[in-house]
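Student: Please take me through this structure one part at a time. I would like to know what each term means as we go.

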Amino acid sequence: NHVAKYFIARLSGLRLDEINHLSFGSFKIVDKVARNALKNEIKKVAVPVVQVRTTDPYKLGRYEQPSWEAKGKTKRDVQIPRWLHDWIKVEQKRRKAAKSERIIRGQERWSESTLVKHHEDWWNDELLYGTDASDYFKKRLHELRALFGSEVVTNTGSMHAAQLALGHQNISTTERHYANLLVDFNFNLTIGA
């Protein structure tokens, strides 16, 4: 559960509650349109994504959960590495799970508050401080989201791309956190003596 949560958080920037609501069917290959800048050609490309839903009313075992609504309230597809998509599909096959089954197991045995506490205990005690690599992994899940957002902004140079990937309802939220990463590359160069 927690290794899956770590990889999903690190490589998709999803929030904790969004990850807890993912099913195996949330991971898909979709066709996107891409432009080859060198040849100026447009073609379809198969891209692995995780689909984030906006609402999810459901019952966890004997615990009736309220209707859940994502914080950003934005249904979105977040591109993920191919290996993460393949790893999730292998895990689905290993568990013999249906597409509708949750990736995070054990939810039917816990109330929502117990599920969050279980996450916090493991995340803090085991992942962060219980390993030899603890100095490297001292990141809370939301810091992994911020790291993902930083990578989107620096790799694309686009606040809009980061807003879509992170599910911010308003672009001003994205700008408040990531605008400092955009660098103006217009230089005045004077040559001569």
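Tutor: Contact means heavy atoms within 4.5 Å. Helices (H or I, at least four residues) and strands (E, at least two) are DSSP runs, numbered from the N terminus. The model is predicted: local features need pLDDT of at least 70 and side-chain atom pairs pLDDT 80 or more, while totals for chains, interfaces and linings use all residues. Residues are numbered from 1 along each chain as its sequence is written, and side-chain values use heavy atoms, without hydrogens and water.

Student: Which elements are included in what covers the buried residues of α6?

Tutor: Buried means under 20% relative accessible area, exposed over 50%, partly exposed in between (1.4 Å probe, protein chains only). In helix α6 (residues 159-166), the buried residues are M159, A162, Q163, A165 and L166. What covers them includes β7 (76-79), α1 (2-12), α5 (141-156) and α7 (171-178).

Student: What phi does G167 take?

Tutor: G167 comes just after α6. Its phi is positive, at about 75°.

Student: How many aromatic pairs are there?

Tutor: Rings of Phe, Tyr and Trp (its six-membered ring) pair if their centres lie within 6.5 Å; planes under 30 degrees apart count as stacked, over 60 as edge-to-face and the rest as tilted. By this rule, the count of aromatic pairs is three.

Student: How many residues apart in sequence are the parts that F7 and W83 tie together?

Tutor: F7 and W83 form an edge-to-face pair, 5.3 Å centre to centre with 90° between the planes. F7 lies in helix α1 and W83 in helix α3 (residues 82-95), so the parts tied together are apart in sequence by 76 residues.

Student: Is F7 exposed or partly exposed?

Tutor: The relative accessibility of F7 is 26%. F7 therefore counts as partly exposed.

Student: What is the angle between the planes of F7 and W87?

Tutor: F7 and W87 also form an aromatic pair, 5.5 Å centre to centre. The pair links helix α1 to helix α3, 80 residues apart. It is edge-to-face, and the angle between the planes is 80°.

Student: Which residues form the aromatic cluster?

Tutor: One aromatic cluster is formed. F7 and W83, already met as a pair, belong to it. The full list is Y6, F7, W83 and W87.

Student: What is the order of strands in the open sheet?

Tutor: Two strands pair if DSSP finds at least two bridges between them. The open sheet has three strands with antiparallel pairing. Its edge strands are β1 (27-36) and β7, each pairing on one side only. The order is β1-β2-β7.
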